[in-house]
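The following exercises concern strand pairing, helix packing and individual residues in a single protein model. Each task is followed by a solution that proceeds step by step.

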Amino acid sequence: MNTILPNGISNTAFRSAVKQFTACVGEEYAFFDDLDRASYADKFAIDDAAHHPSGALAPATVEEIRALVKVAAEHRIPLWPISRGKNLGYGGSAPALAGSVVLDLSRMKKIEVDEANGTVLVEPGVGFYDLYDHLQTKGIRLWLSVPANSWGSVVGNALDRGVGYTPYGDNTARICGMEVVLADGDLLRTGMGALTQSPTWQLYRYGYGPSWDQLFCQSNFGIVTKMGMWLMPAPESVLGLDVEFDRPEDLGPLIDTLGPLRREGVLQQSPTIGNWLRAAAVVTTRNQWTTKPGALDDDVISAIRKKFGMGWWGVSLRVYGRTAVARESMNIIDKAITALGPMTLKRTTWKDGDDREAIVGGVPMTFPLQSANWHGGRGGHVGFSPVLPQSGRLAVEQFKRTYARYHEFGMDYQGSFAFGERHLINVNSVLLDKDDAAMMKRVDPFLRTLIADARSNGYGEYRTHLDYMDAVAETYDFNDHAMRRLNERVKNALDPKGILAPGKSGIWPAVHQREQKS
Ligand code: ADP
């Protein structure tokens, strides 16, 4: 076996663990040959060897997971749980620590919908497409909030704080109750689920005493085997405005106009303002525009904008719900946006019974994935996503700094500003060509520079690729990293053998301290 073994594990110990693991799930669901390992690697990685798994296991039940955790603890082999492992741009299905065994939960696909209360209880393997199909086939009048690439799972996306674009777009905030296997194999239900057979498990988030759901998000404290989510009641209407703005600096007034409407609740959805590359990168390739290396110049940008009728920035705004209410809200939004003098402005109308739009209409799609092919060759993307205040001035400053860095490092700018209720997330995508060695050399220093720039302005990332988990954790430095100390104390208490996802979000158990490399 040509494996990368977990640090400190002998070949003999690993073989004996694999035998025991296989006995838990059956031959068919234990994956330890080279092709298996390659399938679970990070296809978009800058250096995927740093995150090569030693194999993967795909249990189908909670009891199998509990048995696997016990074997892992006996041999001190780290497990890296994934739901569907489509976390592309953040590491895909690969682990932070090379040699970990991926715990692939994609076979666990149970869905229990409570239509009357607008909730669902899903297992980790339930994809957005699975849940969408389930609701459609059964005629259940509830809508999903799907991310722009909806290939992944409902559970994995919410755990990693992914977002969608309906009023329920902050997927993590819609979690209500979880079932979790801990590192010692114990099985826990959070919130009202801590009462045996509670009819309110998916209805009241906090339970009694400390509330744990969010502690299992972006952490390595447990393996989530079920998750409750709130779903949006199907609206009567969705009224929209698709708007384009001509100049880079139009970003500021646009943010200062949308922010108050969002906070007031006139705009309930979380819109994303994106630049001109968002269409070109999915329907064309770079060589159709230019063969010049370095960041795209102004002539190419103008050509792209002309071809697609786009501004420098564009945004799709949508209002959902009762027609009478939506109409009034949309009139208020339209008036505020029109006053800014947009380049183009288009109203959209959807009413119950019409075909729904992808993404903003809660219909999953994978089309945006195509942007990985922008350079041709073996493509990919890595994200850089700091959290900002909802301030036009600060957003423009952040944009200008970042845009200058894209030029300095010779990369094509793909940026967006996504609204939350009180914050903005500035998602920057770095589109890669893995066959361009010179470019690949620039990507890592580029991303580290962006992290440092953000930090020196008081900003931290909300989520990051495996390669930068330590570097980002390092920026959260109040009182000499008190947050990291707390995370590690909890980690060491719950998982003293360090078998669950060591390194996730920069949280290293004491037994793996040596692996840190920020
Ligand atoms: P998706 O299914 O949307 O592709 P992933 O399975 O890639 O999402 O999950 C994203 C990240 O969330 C993983 O890398 C892992 O760190 C964490 N994660 C996913 N599923 C679980 C789970 N069931 N329990 C604990 N952590 C998980």
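**Exercise 1.** Determine which residue of S9 stands opposite Glu179, and place the pair in its sheet.

*Solution.* Step 1: in this predicted model, Glu179 faces Arg189 of S9. Step 2: S8, residues 175–181, pairs with S9 over three bridges in the antiparallel sense. Step 3: the open sheet to which these strands belong has five strands in the order S5-S6-S10-S8-S9, and its pairing is antiparallel. Step 4: S5 (111–114) and S9 (187–189) each have a single partner strand, so they stand at the edges, with one side of each left without a neighbour in the sheet. Step 5: with direction ignored, neighbouring strands of this sheet are turned by 10° against each other on average.

**Exercise 2.** Identify the strands that H3 touches in the five-stranded sheet, and describe how H4 is placed relative to S5.

*Solution.* Step 1: H3 packs on this sheet through S8, S9 and S10 (223–230). Step 2: the direction of H3 makes about 50° with that of S8. Step 3: H4, residues 128–137, lies across S5 and S6 (119–122). Step 4: H4 runs at about 50° to S5.

**Exercise 3.** Establish the strand order of the four-stranded sheet and the way H3 packs on that sheet.

*Solution.* Step 1: the four strands form an open sheet in the order S1-S2-S4-S3, with mixed pairing. Step 2: S1 (30–31) and S3 (79–82) are the edge strands, each pairing on one side only. Step 3: S3 and S4 (residues 101–104) run parallel and are joined by four bridges. Step 4: Leu79 has Val101 in S4 as its bridge partner. Step 5: H3, residues 62–75, packs on the sheet and touches S2 (55–57), S3 and S4. Step 6: the direction of H3 makes about 155° with that of S3.

**Exercise 4.** Classify the packing of H10 against H11 from the angle between them, and list the residues that make the contact.

*Solution.* Step 1: H10 (residues 392–408) and H11 (residues 437–456) pack at about 160°, with their axes 11 Å apart. Step 2: angles over 145 degrees count as roughly antiparallel, and H10 is therefore roughly antiparallel to H11. Step 3: the crossing of the two helices is right-handed. Step 4: H10 contributes Thr402, Arg405 and Tyr406, while H11 contributes Phe446, Thr449, Leu450 and Asp453. Step 5: sorted by class, the contact has three nonpolar, two polar and two charged residues.

**Exercise 5.** Locate Arg161 and Asn479, and state the sign of phi for Arg161 and for Asn479.

*Solution.* Step 1: Arg161 lies in the loop between H5 (154–159) and S8. Step 2: although Arg161 is not a glycine, its phi is positive, about 65°. Step 3: Arg161 is partly exposed, at 28% relative accessibility. Step 4: Asn479 belongs to H13, residues 478–494. Step 5: the phi of Asn479 is also positive, near 50°, in a residue other than glycine. Step 6: Asn479 counts as partly exposed at 49% relative accessibility.

**Exercise 6.** Is Tyr165 buried or exposed, and which residues does Tyr165 touch?

*Solution.* Step 1: Tyr165 is in the loop between H5 and S8. Step 2: the relative accessible area of Tyr165 is 18%, and buried means under 20%; Tyr165 is therefore buried. Step 3: not counting residues up to four places away in sequence, Tyr165 touches several residues, including Ser145, Pro147, Gln269, Tyr320 and Ile359. Step 4: Tyr165 and Arg318 lie 153 residues apart in sequence, yet their C-alpha to C-alpha separation is 8.8 Å.

Note on methods: Residues are numbered from 1 along each chain as its sequence is written. This is a predicted model: local features need pLDDT of at least 70, side-chain atom pairs count only at pLDDT 80 or more; totals for chains, interfaces and linings use all residues. Side-chain values use heavy atoms; hydrogens and water are left out. Axes are lines fitted to C-alpha atoms, for helices over the stretch in contact, and angles run from 0 to 180 degrees between N-to-C directions. Angles under 35 degrees count as roughly parallel, over 145 as roughly antiparallel, 65 to 115 as roughly perpendicular and the rest as oblique. A crossing is left-handed if the near helix is turned anticlockwise from the far one by less than a right angle, and right-handed if clockwise. Contact means heavy atoms within 4.5 Å. Ala, Val, Leu, Ile, Met, Phe, Trp, Tyr, Cys and Pro count as nonpolar, Asp, Glu, Lys and Arg as charged, and the others, Gly among them, as polar. Two strands pair if DSSP finds at least two bridges between them. Buried means under 20% relative accessible area, exposed over 50%, partly exposed in between (1.4 Å probe, protein chains only).
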